[in-house]
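Let's take a walk through a protein and DNA model, one contact at a time. Have the structure open and turn it as you read.

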Protein chains: 2
Amino acid sequence: MTARPKAQPGKRTNDPEGLRKRVLDVAEASFQARGYHASSLGDLMAAAGVTGGALHHHFPTKKALALAVIEERVAAAVEATWIAPVQAAGSTREGVRSVFEAVAAELEQQGFVRGCPLNNLAHELSLADPDFRTALAGIFSAWRQAIADKVGADQQAGREQDTDPQRFAALAVATYSGAMSMAKTTQDSAVLRDCLNALEQGVSSARAKRRRRVLRQYKAF
Amino acid sequence: MTARPKAQPGKRTNDPEGLRKRVLDVAEASFQARGYHASSLGDLMAAAGVTGGALHHHFPTKKALALAVIEERVAAAVEATWIAPVQAAGSTREGVRSVFEAVAAELEQQGFVRGCPLNNLAHELSLADPDFRTALAGIFSAWRQAIADKVGADQQAGREQDTDPQRFAALAVATYSGAMSMAKTTQDSAVLRDCLNALEQGVSSARAKRRRRVLRQYKAF
DNA sequence: TTATAAACAGACCGGTTGTCCTGTTTTGTC
DNA sequence: GACAAAACAGGACAACCGGTCTGTTTATAA
C-alpha cells in the first residue's frame, strides 16, 4: 500500500493528437459560451478529461491555448460559414443571402444564440494582447477580402458594376457581425432577417440606380 | 500608540454622490478598455482612490457595479452618441451620416479605437447573467427604436416611402456595431467610412428605385 | 534490450479575486 | 448635545487561478 497507481495499473495509451483535439473542442466551446477570462483552465481540464500536466504539455499557457483556438478553430469556422459558401455561390448577393438564411435557420432550430465566435473573442481580446489582436484581425481581413473578391468576380461577369468591392465587403461583414451581436443580446435571431432584407433592398436597388444612370447616358447621346 | 487614525486625524468629508460618481467613472473606463472580468475591484479601488468599505457601501457586489455602469453610463453614451443626434438631424439619413462621421473623426483624432461600450459589454456579459442581458437588450432596443421612429417621421414628411423603419433601424445599428467591432480589432477607423459609404449608396439608390417605379406608373397611365 | 524523448499524471505554490466583517467617523435630526 | 443612520476605513479570509515542478509511463529508434 505504498504507491497506488490510479484505478487500473498500466492502462494508459498516448494519443497526443486526440487529446489536443479534445482540449481544443472544449476550449472553443467554453470561450464561445463564457468567454476567455470566464473560462478557467480547471474547468477546461475537467470538461476535457485531461490532467494539468497533459494540458501544459500541449499548451504551455492559457494564452497559447486561446491563440490555437483562434488560429485553428475560429478561422476555420469563418471559412466554413462564410468564405466557402460565398465562393461557391452564383453571385455575391446569393452567397450573402444564403449565409444569413442558413445561420438564421440554425439559430432558430437551436433556440439559442451564442453569437459569432470571431466577434465574441475579438471584443474581449483585441485590446488585451497584441498577439490576439493580430490573429483576430487577420481573420476579419480574410473574411472581408473573400467577399470583395467575389464582388470582383461578379463585376468581371458584367454585374455589380457600380458596387465598390471593398466597401460592400465591409458592409456585409459589419452587418452580419452587428446583427449577431444584437441577436445574442436579445436572444432573437429575427434581427438577422431584418438586416438581410434591409441590406438586399439597398443592394438590389443599386442595380436600379445603375440602370437609370445608364438610361440617362443613352438619352444624353 | 494604540489606534492610529490614518494620515491626518479627523479630516474626512463624506461625499457619497461624488464618490459614487468617481467609482462609476473609473469602472466605465476600465470595463470599456479591459472588459468586466479583466477589471479587478482592487484596480478600480486604487484608480478611484476609494477603500473597500466605501465601494462595498455603494455597490454591494461587482455585478451591482456593472449593472449601474450599464444602466447609467452605457445607456447615456448611446443616448448622447446616437439617439439625440439622430433625433436632432433633418432626416434619418443625415443623422446616421453625422454620427458615423463624428465617431470616425473622434477615433482618428484619438488614434486609438476602444470600441463601442454597449457592444463590448454585450458580448462579454449577455450570456453570463440574465440581468446583464436584459439591461443590455433594453439599450439596443431603445437605440433601434429611436432610428425607426426617425424613419417614421421622415415618412410622414413624404420621404423614405419604401423604407421599412424597423428593418432600416436594425441595419443601421448592426452596421455601426459591426464596423466598430472591426475597427477595434484592426485598430483602423477607415472601415467606418467604408460601411457608411456602402450603406448610403444602398439607401440613396432606394430613392432612385422608387422614382423609377413611380415613373413606370405614370407611363402605364 | 536499451537509450532517449515525448506524453502524461498529479501535487504544489504564490498571487489574486470578490466578499465579508468589525470598527470608526461623519452627517442629519430632534 | 444626544442619538441614529449613513458613510467610510481597512483588515481578514476562503476560494480560486494560472503556472511550475517532479516523477512516471508510453512510444520510438538504434
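Start with one side chain: a polar atom of B:R12 sits 3.2 Å from a base oxygen of DNA strand C. That's a polar contact, meaning a pair of N or O atoms within 3.5 Å; within protein, one must be able to donate a hydrogen and the other to accept it, and residues adjacent in sequence count only if both atoms are side-chain atoms. Before going on, some housekeeping. This is a predicted model, where local features need pLDDT of at least 70 and side-chain atom pairs count only at pLDDT 80 or more, while totals for chains, interfaces and linings use all residues. Residues are numbered from 1 along each chain as its sequence is written, chains are lettered from A and ligands numbered from 1 in the order in which they are written, and side-chain values use heavy atoms, with hydrogens and water left out.

Back to strand C. Two more side chains reach its phosphates: a polar atom of A:H58 is 2.7 Å from a phosphate oxygen, and one of B:K62 is 2.6 Å from a phosphate oxygen. As for whole elements, α1 (16–34) and α3 (52–58) of chain A each give two or more residues to the surface near this strand. (Helices are DSSP runs of H or I, at least four residues, numbered from the N terminus.) The largest share, 4 residues, comes from α3(A).

How many residues surround DNA strand C? There are 22, and the closest are A:T51, A:H57, A:H58, B:L41 and B:K62. Here a residue is near a strand if one of its heavy atoms lies within 4 Å of it. Sort the residues of this surface by type and you get 4 nonpolar, 12 polar and 6 charged. In this sorting, Ala, Val, Leu, Ile, Met, Phe, Trp, Tyr, Cys and Pro count as nonpolar, Asp, Glu, Lys and Arg as charged, and the others, Gly among them, as polar.

Now swing over to DNA strand D. It has 23 residues around it, and A:L41, A:K62, B:T51, B:H57 and B:H58 come nearest. Of the strand D atoms within 4 Å of the protein, 80% belong to sugar or phosphate and the rest to bases. A:K62 puts a polar side-chain atom 2.6 Å from a phosphate oxygen of strand D. B:R12 turns up again, with a side-chain N or O atom 3.4 Å from a base nitrogen of strand D. B:G53 uses its backbone instead, with a polar atom 3.2 Å from a base oxygen. The most residues on this surface, 5, come from α3(B).

Finally, look at where the two protein chains meet. In chain B, 52 residues are in contact (heavy atoms within 4.5 Å) with 52 residues of chain A. The area buried between them is about 4200 Å², and carbon and sulfur atoms give 64% of that. Buried area is the accessible area (1.4 Å probe) that two parts lose on being put together, summed over both. On the chain B side, B:H123, B:L127 and B:T185 lose the most area to chain A, together 17% of what that side buries.

Charges take part too: there are 2 salt bridges between the chains, a salt bridge being a side-chain nitrogen of Lys or Arg within 4 Å of a carboxyl oxygen of Asp or Glu. One of the salt bridges joins A:D194 and B:R144, at 2.7 Å from N to O. Add to your picture 16 residue pairs in polar contact, both residues at pLDDT 80 or more.
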